[in-house]
Amino acid sequence: MSPETLNPVNHVDLEPERYELRSPSSYHFELGRREFFRILGGGIVVACVWKDASAFQQSRGESGARRGSGFDERLPQEISAWLHIGESGEVTVYTGKVEVGQNARTALTQAVAEELRVAPRDIRMVMGDTDLTPFDMGTFGSRTTPTMNPQLRRASAAALDVLMGLAADAWKADRSKLTASDGKIADPATARTLSYGELAKGKQLAQAIPAEDPLTPAPRWTVMGNSLPKVDGIEFVTGRHRYPSDINLPGMLHGKVLRPPSFGAALGSLDTHEAEAMPGVTLVHDGDFVGVAAPSVEIASRAVAAIRAEWKPGGPQPSSRELFDYLRKNPDQAAGQGGFGGRSDHQVGSMEKGLADAHQRLQQTYTVAYIAHTPLEPRAAVAQWENGKLTVWTGTQRPFGVRGELMEAFRLPQGQVRVEMPDTGSGYGGKHTGDAAVEAARLAKAAGKPVKLVWTREEEFTWAYFRPAGVIDVAGGARSDGTITAWEFHNYNSGGSGISTPYDVANQHIQFHPTQSPLRQGSYRALAATANHFARECFMDELAQAVKMDPLEFRLRNLKDERLKAVFQAAAQKFGWSESKPAAGHGFGIGGGLEKGGYVATCAEVAVDRASGRVQTVRVVTAFDCGAVVNPDHLRNQIEGANVMGIGGALFEAIEFENGRILNGRFSQYRVPRFSDVPQIEVVLLDRKDQPSAGAGESPIMGLAPAVGNAIFAATGVRLRSLPMAPNGLKAATSG
Amino acid sequence: MPKNTEAAVTELTVNGTRRAINADADASLLSVLRDQLSLTGSHYGCGEGQCGACTVLIDGLPRRSCITKVGTVGNKQVTTIEGLEQGGRLHPLQQAFLDVGAMQCAYCTSGMIMSASALLRSNPNPSVPEIVRFMEGNVCRCGTYLRIVAAIQQAAKNNEAGR
C-alpha cells in the first residue's frame with residue numbers, strides 16, 4: 001500500500017498550530033451514478049478510491065474488470081477525485097482542491113494530460129464545488145502535489161485503459177499493440193484512429209479504481225516536468241476572471257456587519273431606527289450579530305454608521321508589549337497536544353551528559369510576533385437562498401469546511417448547502433474559515449435576496465486570524481571539533497511544525513508548549529516551521545561562532561541527511577559562499593531545513609546602512625528539492641514568492657495590539673514587502689526524478705529569515721533574535 | 001441609490017464609451033465601475049490607495065479608483081483593464097505578463113498592468129530602478145515582483161520593436 005493510502009489527505013494528522021480548525025466532519029458524497037450521467041451526459045467516468053480499495057473491490061464482488069470495479073446505484077464513498085470523458089471528447093476533472101495562486105489548477109491539469117495522453121487545453125478542472133466535487137478536507141499542508149496529483153494520474157491511467165479496451169473491442173485488435181496520444185487511440189498496424197469522444201459516444205461506463213495503481217515514472221514524463229503556463233492565465237491579464245468578490249447576481253444587495261470596538265466587547269444597548277428607516281436597507285439583529293443589507297456598498301456603510309450601539313468592554317487584555325511574557329506565563333493545559341504524534345515532547349539521550357561533553361555551551365531566547373496573512377483579496381462571499389437551499393461563493397481553502405459551518409449555523413442538512421470556490425485572491429493559510437460566508441448567508445436570508453459581503457482591509461486585519469506569536473528557548477553545546485552534543489528546544493505557542501532538528505545530535509530534548517493566545521490565531525504558510533527554523537538556524541550560527549567554525553561547514557559536519565546536505569551545498573555553491581567575501585557593510589548568511597517533503601537551503605546577502613540603520617536584502621539564493629519537479633517555472637515562482645513574503649516576516653511585519661484592539665490594521669500602517677524590498681533572487685532546483693513529488697507552496701519560505709538574520713550578524717556583529725528583526729531599521733532594533 | 005439627487009452623477013466615459021450610471025458624487029469610482037458597470041477587473045484591496053489593486057487610468061494617468069470620488073471624474077476618459085485589449089489583440093503588457101508568468105493568484109495583476117501602462121506612456125524604456133520607483137505603490141502579496149519587472153521590460157522591448 002502506498003504512503004498516500006496509509007495517510008490520505010482526508011485523514012492527515014493535523015498540526016497543533018492549526019488552531020482555527022475544528023474537528024472535521026466526515027461527509028460522504030451522495031450523487032448516484034444515474035444522476036451523474038444525467039447531469040454530465042454520457043461517456044466514461046473514473047473515480048479514484050483512496051480507502052482500502054481491495055476491500056472495496058471485494059465488497060462489490062467485481063471480477064471482470066481489469067482495474068478496479070464498476071459501480072451501480074451509488075458511487076462508492078471515500079472517493080478522492082474523478083474524471084469524466086464526455087461524448088465529444090472533452091475531459092472534465094472533479095477535485096475538492098482549490099486554486100489560490102499556487103497554480104494547482106495547472107499542475108493537476110498536467111497530471112491528467114500526462115496519463116490520459118490528452119492536450120492540456122482539452123481538460124477542464126472543476127475545483128472546490130461541494131455539489132460537484134468529492135469531499136476534500138482542504139487545500140493546505142502542501143498536500144495537493146503528493147496526494148491529489150497521483151490520484152488524478154491513477155484515475156487518468158484507468159480511463160485510458162478503458163479507452164484502449166473499447167478501441168481494441170471495436171477493431172478486434174490486440175490492445176497491447178495500440179497507442180494513445182493527443183486524445184486519440186491509434187492502431188499503428190492499420191493506421192486506424194479513434195478519438196476519445198468517438199469511443200465515449202453512447203456509453204455510460206463508470207469505474208472505480210484503487211489508489212495504488214502504477215504510474216508513468218518521472219524520467220518518462222512528457223507533460224509533467226515541463227513549464228506549462230498558467231492554464232487560464234488570459235482570464236487574469238484581461239480582468240475577465242471573476243474572483244469571489246467579483247460575483248454579481250441579479251437583484252444582489254451589499255452587506256456590512258457592525259463590528260465591536262474591541263475583542264471581547266459585548267453588545268449593550270442598540271438603536272437601529274435610523275438605519276432601518278433608510279430606503280432599501282434590511283437590518284439583522286440576531287444574538288451578537290448585527291448587520292445590514294443595502295442596495296449599494298455606500299448605503300450599507302451609511303446604515304451601519306447610523307446604528308447607535310453601546311458596547312461593554314471585556315476584561316483587560318494583554319498588549320503586544322507584554323506578549324512574550326504573557327505566553328510564558330499562561331500555559332494552555334487543555335491543548336496539551338501535538339508535535340510528536342499527539343505528544344508534545346521528544347527526548348533522546350541525556351541533556352546533562354550532552355552539555356557535560358561540550359566545550360562550548362549556549363542558551364538563547366528567540367521570539368516571533370503575530371503577523372497577518374493579508375491576502376490581497378480580503379474575505380468575501382456572495383450568498384443566495386433559493387427554495388430553502390443556500391449557495392455561497394466564497395474564497396476559502398476549505399469549501400467543505402465552510403459548508404459544515406453553514407450547515408451548523410443555519411441547521412441545514414448537507415444537501416441544502418452548496419459552497420463554490422472561484423479561483424481566489426490568495427490565502428497563505430489564512431482562508432480556512434467561513435466567517436464571511438456565514439455573515440453573507442445570514443444577511444441574504446433576512447433580505448430575501450442575494451447578498452455580497454466583502455470584508456474591508458481593516459476587518460481583514462482585525463477579525464481574521466493571525467500567524468501565532470511565539471517564544472522559543474534554545475540551549476545546546478558543541479565540542480571544539482564542531483560536533484553538537486546537546487540540543488534543547490522549547491517552543492511556546494507558535495507550534496510544532498519544523499520543531500525537530502535535522503542535525504544528528506545524540507542528546508535532545510524538544511518540546512512544544514501550548515499557551516493561551518491574546519489574539520485569534522491559526523495556520524500560516526509553513527506553519528511554525530518558519531519560527532522554528534529561524535530559532536534553530538540562528539542558534540546553529542551562534543554555536544558555529546562559539547566553536548569558531550564556518551556556519552556552512554558546521555552544519556554539514558552535523559548532518560547525515562544527504563538530500564539536506566545537497567541543498568546546502570547547491571545553494572552555497574551558486575551563492576559563492578566560500579569564494580566571495582562581502583563588501584563593507586554587507587554580510588552573508590545561510591539557513592535551511594526540511595519540512596513536508598521539501599528540502600531547502602537559502603543564502604542571503606544583506607547590506608546595512610550604518611547611518612540610517614536601513615537593512616536591505618540584496619541577494620538571495622535558494623536551493624530546493626521537492627522530489628520530481630512537476631512544473632519548474634511555477635516551482636521557481638513559488639520559491640521566489642516565498643522568499644519575498646519571508647522578507648516581510650523576517651524584517652518588518654508585526655501586528656501591534658493593545659487592550660483588545662489592533663493598532664496597525666491598515667496597509668498604510670502595516671508594511672508588507674514592496675518592489676523596493678525585493679532582492680535579486682536565484683533559484684537552484686534539484687530535480688530528483690527518483691523521488692516522489694512533494695508540495696512546494698510552503699517550505700521554501702523557511703530559510704529566508706535565519707539566512708537574513710545570520711547575514712545581519714555577519715555584517716554588523718549584532719545578533720537579532722526577534723522576528724521581525726528590524727521593523728524600524730537596525731538602530732531601533734539595537735537601541736531598544 | 002443616491003442620497004442627494006442634486007449631487008448625483010449620471011454619466012461616465014469608460015473605455016471609450018459613454019455609460020449611464022446613477023451614483024452619489026462622493027461614491028468611489030471603484031464601486032461604480034464594479035457594481036454598476038460590472039467592470040470587476042479593478043479590484044478592492046485596501047480602500048486607502050495603498051495597494052494599487054484598483055488602479056485605472058484617468059486621462060492616461062494612473063489613479064487609485066478606491067479613493068477617487070466619481071463626482072471628480074467629469075468628462076475625463078477612464079480606462080480599465082477591460083479596455084486594454086484592442087480588436088481582440090492583447091495589450092503588449094498583458095502579453096508580456098502571460099509570457100513571463102508574472103502572476104500567482106493574479107488579484108493584483110490588473111492594477112499592476114494599469115500602472116505599468118501609465119509608466120510606459122511616460123517613459124517607453126524605463127530602467128529597473130525607474131520601474132521599481134514607479135510601481136512601489138502596487139502590492140503583490142504573492143511576491144512576484146521580479147517577474148513583474150521582467151514583464152514590463154519585455155513589453156517595453158516589444159513596443160520598441162513594433163515602432
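**Figure 1. Strand E10 of chain A and its two partner strands.** In E20(A), Lys452(A) is the bridge partner of His254(A). The structure is a predicted model, in which local features need pLDDT of at least 70, side-chain atom pairs count only at pLDDT 80 or more, and totals for chains, interfaces and linings use all residues. Residues are numbered from 1 along each chain as its sequence is written, while chains are lettered from A and ligands numbered from 1 in the order in which they are written. Strands (E, at least two residues) and helices (H or I, at least four) are DSSP runs numbered from the N terminus. E10(A) pairs with strand E20 (residues 451–454) of chain A in the parallel sense over 2 bridges; pairing requires that DSSP find at least two bridges between the strands. With strand E13 (residues 289–294) of chain A, E10(A) runs antiparallel and is joined by 4 bridges. In E13(A), Ala294(A) stands opposite His254(A).

**Figure 2. Burial of strand E10 of chain A.** E10(A) spans residues 253–257 and is mostly covered, with 5 of its 5 residues buried. A residue is buried if 20 or more other C-beta atoms, placed from the backbone, lie within 10 Å of its own, exposed if 12 or fewer, and partly exposed in between. His254(A) and Lys256(A) point one way from E10(A), and Leu253(A), Gly255(A) and Val257(A) the other way; all are buried.

**Figure 3. The open sheet E24-E25-E26-E29 of chain A and two helices packed on it.** The sheet comprises 4 strands in this order, with mixed pairing. Strand E24 (586–595) and strand E29 (680–685) of chain A are the edge strands, each pairing on one side only. From one strand to the next, the twist averages 15°. Strand E26 (residues 615–625) of chain A pairs with E29(A) in the parallel sense over 6 bridges, and Val620(A) has Ile681(A) as its bridge partner in E29(A). Helix H17 (residues 562–575) of chain A packs on the sheet, touching E24, strand E25 (598–608), E26 and E29 of chain A, and its direction makes about 135° with that of E26(A). Helix H18 (residues 632–652) of chain A also packs on the sheet, touching E26 and E29 of chain A, with its direction at about 130° to that of E29(A). Axes are lines fitted to C-alpha atoms, for helices over the stretch in contact, and angles run from 0 to 180 degrees between N-to-C directions.

**Figure 4. The contact between chain B and chain A.** In this interface, 45 residues of chain B are in contact with 50 residues of chain A, contact meaning that the C-beta atoms of two residues, placed from the backbone, lie within 7 Å. Helix H1 (29–36), helix H2 (92–100), helix H3 (109–122), helix H4 (128–135) and helix H5 (145–162) of chain B each supply at least two residues of the side of chain B that touches chain A. That side of chain B divides into 22 nonpolar, 15 polar and 8 charged residues; Ala, Val, Leu, Ile, Met, Phe, Trp, Tyr, Cys and Pro count as nonpolar, Asp, Glu, Lys and Arg as charged, and the others, Gly among them, as polar.

**Figure 5. The surroundings of Val100(B) in helix H2 of chain B.** Val100(B) lies in this helix and counts as buried because it has 22 C-beta neighbours inside 10 Å. Leaving aside neighbours within four places in sequence, Val100(B) is in contact with Arg147(B), Ala150(B), Ala151(B) and Gln154(B). Val100(B) and Gln154(B) are 54 residues apart along the chain, and their C-alpha atoms are separated by 8.5 Å.
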